[in-house]
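Please open the model in a viewer and keep the sequence panel at hand. The tour below proceeds by selection, one stop at a time.

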Amino acid sequence: MTAYIPPLRDIKFTLEELVGLEQVTALPGFEEATSELADSILEEAGHMAEGILAPLNRVGDEVGAVMENGVVRTAEGWGAAWNALVEGGWNGLPFAAEWGGMGLPNLLNTAVHEMWQAANMAFTLCPMLTQGAVNAIRLYGSDAQKAFYLPKMVSGEWTGTMNLTEPQAGSDLSAVRTKAVPDGDHFRLSGQKIFITYGDHDLAGNIVHLVLGRLPDAPAGVKGISLFVVPKVNPDGSANDVKCVSLEHKLGIHGSPTAVMSFGDHDGAVGELIGQPNRGLEYMFAMMNHARLAVGLQGLAIAERAYQQARDYARERVQGRPVGWTASGSAGIVHHPDVRRLLMTMKCQIEAMRGIHYTAAAAVDVAHSHPDADRRAEAQQMVELLTPIAKGWCTEVGQTIASLGVQVHGGMGYIEETGAAQHLRDARITTIYEGTTAIQANDLVNRKILRDKGVGIAKLLAEIKAVAVELSGDADASLTVIGQRMVEAVGSAERVVAWIVEAQTQDPRLPAAAAVPVLELMGQLVGGHMLARAAGIAKARVTEGADHDGFYAAKLVTGRFFAEHVLCHVAALERTAISGSASVMGLDEALL
């Protein structure tokens, strides 16, 4: 397996020139976030990714987390890596100083986690989920709960989980059966949860479980779910009635322990209610929305890791004589046109995903910290629109890019020793957990488009169209092509949105049948928008004479490739959505 090299040049370009890190760090609360500090954070996070986490990726895959005599143990070296994370205060990067955090923007935390997820996705699931649990307690916990849990969790001395899924309750959380019985000033929980990432491990002194359960008098369905905090170790230092029953044997992310958890086998697991009774699902969404963006980031990260390995292999692997090769001697397969096509397909979509994720991350910061209420509301609407795209589209593309990485390696990619297959296996879960692609697509169609009859998304499409129209009239040939293809794609999106609103009144199954193609269409469009804007910025830098190494000129080529090889599929997706939805349910189930 090749080494991982953090793509700091493109990360900094996306942060500073495309998204506007300077505007984010100017928000109230981020006074310490100077450009010098941001550079230092990125450099040090990159060193940790490259030097500590990436070398552990292979051992995590081969050895994995194991359960021995009821004790869950992580792979060799993982404990030392976690200690380095704690000692560096990394888990507290986006949290306020009052809880021991650094008080830095979510945007910067996103860039750090991109590098860590790319270096070692299985490891980085632990700080990712811990940060989500911190957010839930910070927003909805009592003052006493915050004072007790947050300092240890922000530091990383304690880790956090979310416990939603049960054997009979996967995506349908209305079927949750875990019981929570009042017992004085606390509750006794009993039930089983499955697929709990880092539900048990040996990295930290305590594991703080956020658990969905039902009170005895709770109403049926999702309206009767409450949220409880249930630590592995009780505040008095005694062991809670919580245990890991087994670890799942998985296709990928072997280094991450995915636990079957049992609560209350004896006297009941001691827990505290978070917030108000029967509002647990609402509270858990604070953690779930964080996780959805974070999992979407995994799609970007694993794609970057697979791309780097495929690119480096293609430069070194000699096989045949490339078409049109006139130089003497041999040449790497990177000179074969179709290998180049594969690598460009990977590269352009990675840059598109990075733009989407960093834009969403910046919007989160604005939504939370801008002094103007209208700006906060606008930013929150952007977060809500981009979340299903960032999670759904980026994980599907990440999985595809990991597969293309295997293809570039040829037969060697199918052999585990090269490491290309691990990226594909690790990527496969990202389209499933924290809400499948279909769940993200239905969220986009039903909650983000139909909820306001397309008004909110129309604003985003208008913004995209304005950039597209401006570029289509540029004198530069690449910008003209990008702009023209973007104008065409926006037209497709506008027609699809209008069709969704109308089709819902005829047969609600039609928009549902079209949801995933619509998600893919919007992902390609928004991704194209990111590359179009990047190309415009790059052209200005080239004109200024600031392109000393070809970095900006490459943005023009990459943007044009995306427009001609990816964005062109938007028209087909429009037809699939509008004309093809009726045939989805057209066949009797007996004939399937």
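Which residues does A122 touch, not counting residues up to four places away in sequence? In this predicted model, A122 touches W78, Y198, I253, G255 and S256.

**First stop: A122 and its surroundings**

Select A122, which lies in helix α6. A122 has a relative accessibility of 5% and therefore counts as buried, the cut-off being under 20%. For a sense of distance, add A466 to the selection: the two residues are 344 positions apart in sequence, and their C-alpha atoms are 41 Å apart in space.

**Second stop: two residues with positive phi**

Next, select I253, one of the residues that A122 touches. I253 is in the loop between β8 (242-247) and β9 (258-263). The phi angle of I253 is near 35 degrees, a positive value in a residue other than glycine. I253 counts as buried because its relative accessibility is 5%.

Then move to N278, in the loop between β10 (269-274) and α8. N278 is not a glycine either, and has a positive phi of about 65 degrees. Is N278 buried or partly exposed? With a relative accessible area of 27%, N278 is partly exposed.

**Third stop: strand β3**

Select residues 158-163, which form strand β3. Six of the six residues are buried, so the strand is largely enclosed by the rest of the structure. Displaying the side chains separates two directions: W158, G160 and M162 point one way, whereas T159, T161 and N163 point the other way. Residues on both sides of β3 are buried.

Now add residues 206-213, strand β6. β3 and β6 pair in the parallel sense over six bridges. One place to examine this pairing is G160, whose bridge partner in β6 is V208.

**Fourth stop: helix α11**

Select residues 420-427, helix α11. This helix is mostly covered, with seven of its eight residues buried. The buried residues are A420, A421, Q422, H423, R425, D426 and A427. What covers them? The covering elements include α3 (35-62), α6 (121-140), α8 (280-316) and α10 (373-409). Helix α6 has appeared already, as the helix that holds A122.

**Fifth stop: the crossing of α1 and α16**

Select α1 (residues 8-19) together with α16 (residues 551-565). Their axes come within 12 Å and cross at roughly 80 degrees. The two helices are therefore roughly perpendicular to each other, a term that covers angles of 65 to 115 degrees. At the contact, R9, D10, F13 and E17 in α1 meet F551, Y552 and K555 in α16. The residues of this contact divide into three nonpolar, no polar and four charged.

**Last stop: the whole chain**

Finally, clear the selection and view the chain in full. The chain contains 17 helices and ten strands. Along its principal axes, the C-alpha trace spans about 80 × 60 × 60 Å. The radius of gyration is 24 Å; a compact globule of 592 residues would have a value near 25 Å, so the two agree. Of the 592 residues, 57% count as buried. Among contacts with a separation of 6 or more, residues 24 or more positions apart account for 75%.

Technical notes
Residues are numbered from 1 along each chain as its sequence is written. This is a predicted model: local features need pLDDT of at least 70, side-chain atom pairs count only at pLDDT 80 or more; totals for chains, interfaces and linings use all residues. Side-chain values use heavy atoms; hydrogens and water are left out. Buried means under 20% relative accessible area, exposed over 50%, partly exposed in between (1.4 Å probe, protein chains only). Helices (H or I, at least four residues) and strands (E, at least two) are DSSP runs, numbered from the N terminus. Two strands pair if DSSP finds at least two bridges between them. Axes are lines fitted to C-alpha atoms, for helices over the stretch in contact, and angles run from 0 to 180 degrees between N-to-C directions. Angles under 35 degrees count as roughly parallel, over 145 as roughly antiparallel, 65 to 115 as roughly perpendicular and the rest as oblique. Contact means heavy atoms within 4.5 Å. Ala, Val, Leu, Ile, Met, Phe, Trp, Tyr, Cys and Pro count as nonpolar, Asp, Glu, Lys and Arg as charged, and the others, Gly among them, as polar. The radius of gyration is taken over C-alpha atoms; the globule rule is 2.2 Å times the number of residues to the power 0.38.
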